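Colleague: Could you take me through one part of this model up close? I'd like to hear about the aromatic rings and what sits around them.

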Amino acid sequence: MNQMAEPEYEEQFTAFVDFLGFSEASNRTDDDTRLKILNLLRSLSALRGEFEVHTAPEQGGNRINIKPAISSFSDNIVISYPLGPILASTGSNEHIAALSILWNFNDLLTRIASAALSIGFLIRGGATIGKLYHANGVVFGEALVDAYQIESRTSFYPRVIVSSKITRREEWMKSQAMNLLKGHDGLYYFDCFTMLTLRSLERGEDWAEKLKAWYHNAAEIIGKNLTRLEGEGKLNELSKWAWYAHEFRSGLERLSPEILKGLGVSLDAISWRNI
């Protein structure tokens, strides 16, 4: 079943995401990196589309496939999921609807974070639930304002903070499968660190080797930025990359020893300086 209801100003899960340091990099980077930025923006533009939800019968129930509404402008991305149609597809089961939305969003977020990191950018954002209209190239509503304010005023570090409008909902928070972490500051954010490497590439015959190469490239990018920012005395930017390096390491700690061995990673040798 394919549900594509007429877009409305309605309650939606909404996220606003942007790239840290984008403006500075765009102005002073070399031609090769500028081309990589342009290719990244093109790939984000290709993600743009209208919301769809599909349900298909399978053993034990229905399989739910969601395509969120996505808009991108410059280095900003807005992603939304209207709750009404998704709840309808689950038989008004809010917990299943929440699982479907949060899993789908975190998978998409991880892919965006992976692509950004590959050219030296970190992402930051906010996610909330509120009224929104998001269709036909138009994004408008209180949820967008709320998500933007979380990104600009609260997130600070390169993470996507989850609003209390989500965390206060019991059905959204009662499962450990939500891929949410709680920081030392009491704020919840999406864990796109544990699965960052695992979801960065499609599986194939040479998947393990590509994954290993991706990890070592990512570690090199993080290390170079830490060294450069410390040398330039840019403490604000350094604090964000140092926080990210710590989270990157913590994400590796949550992987199995077999995966770490395949990556050629020894946690004892990892610090914020040599990630």
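Over which ring does the charged end of Arg 159 sit?

Modeller: That would be the ring of Tyr 189, with the charged end of Arg 159 5.4 Å from its centre. Bear in mind that this is a predicted model. There's another charge over a ring to look at: Lys 240 lies over the face of Phe 156, and here the distance to the ring centre is 4.1 Å.

Stay with Phe 156 for a moment, since that ring also has an aromatic partner. The count of aromatic pairs comes to 12. One of them joins Phe 156 to Tyr 157, in an edge-to-face arrangement with 4.9 Å centre to centre and 80 degrees between the planes. Planes over 60 degrees apart count as edge-to-face, so the 80 degrees here puts the pair in that class. How buried or exposed are the two partners? Phe 156 is partly exposed, at a relative accessible area of 35%, and Tyr 157 is partly exposed too, at 26%. Buried would mean under 20%, which is why neither Phe 156 nor Tyr 157 gets that label.

So much for the pair; there's a cluster to see as well. Phe 13, Tyr 81, Phe 105, Trp 172 and Phe 190 come together as one aromatic cluster. If you colour the rings, I'd pick out these five residues as a group, then go back to Phe 156 with Lys 240 over its face and Tyr 157 edge-to-face with it.

Terms used:
Residues numbered from 1 in each chain as written. Predicted model: local features only at pLDDT ≥ 70, side-chain atom pairs only at ≥ 80, totals over all residues. Heavy atoms only, no water. Phe/Tyr/Trp six-rings, centres within 6.5 Å; stacked < 30°, edge-to-face > 60°. Buried < 20%, exposed > 50% of the residue type's maximum accessible area, 1.4 Å probe, protein only. Lys NZ or Arg CZ within 6 Å of the ring centre and 35° of its normal.
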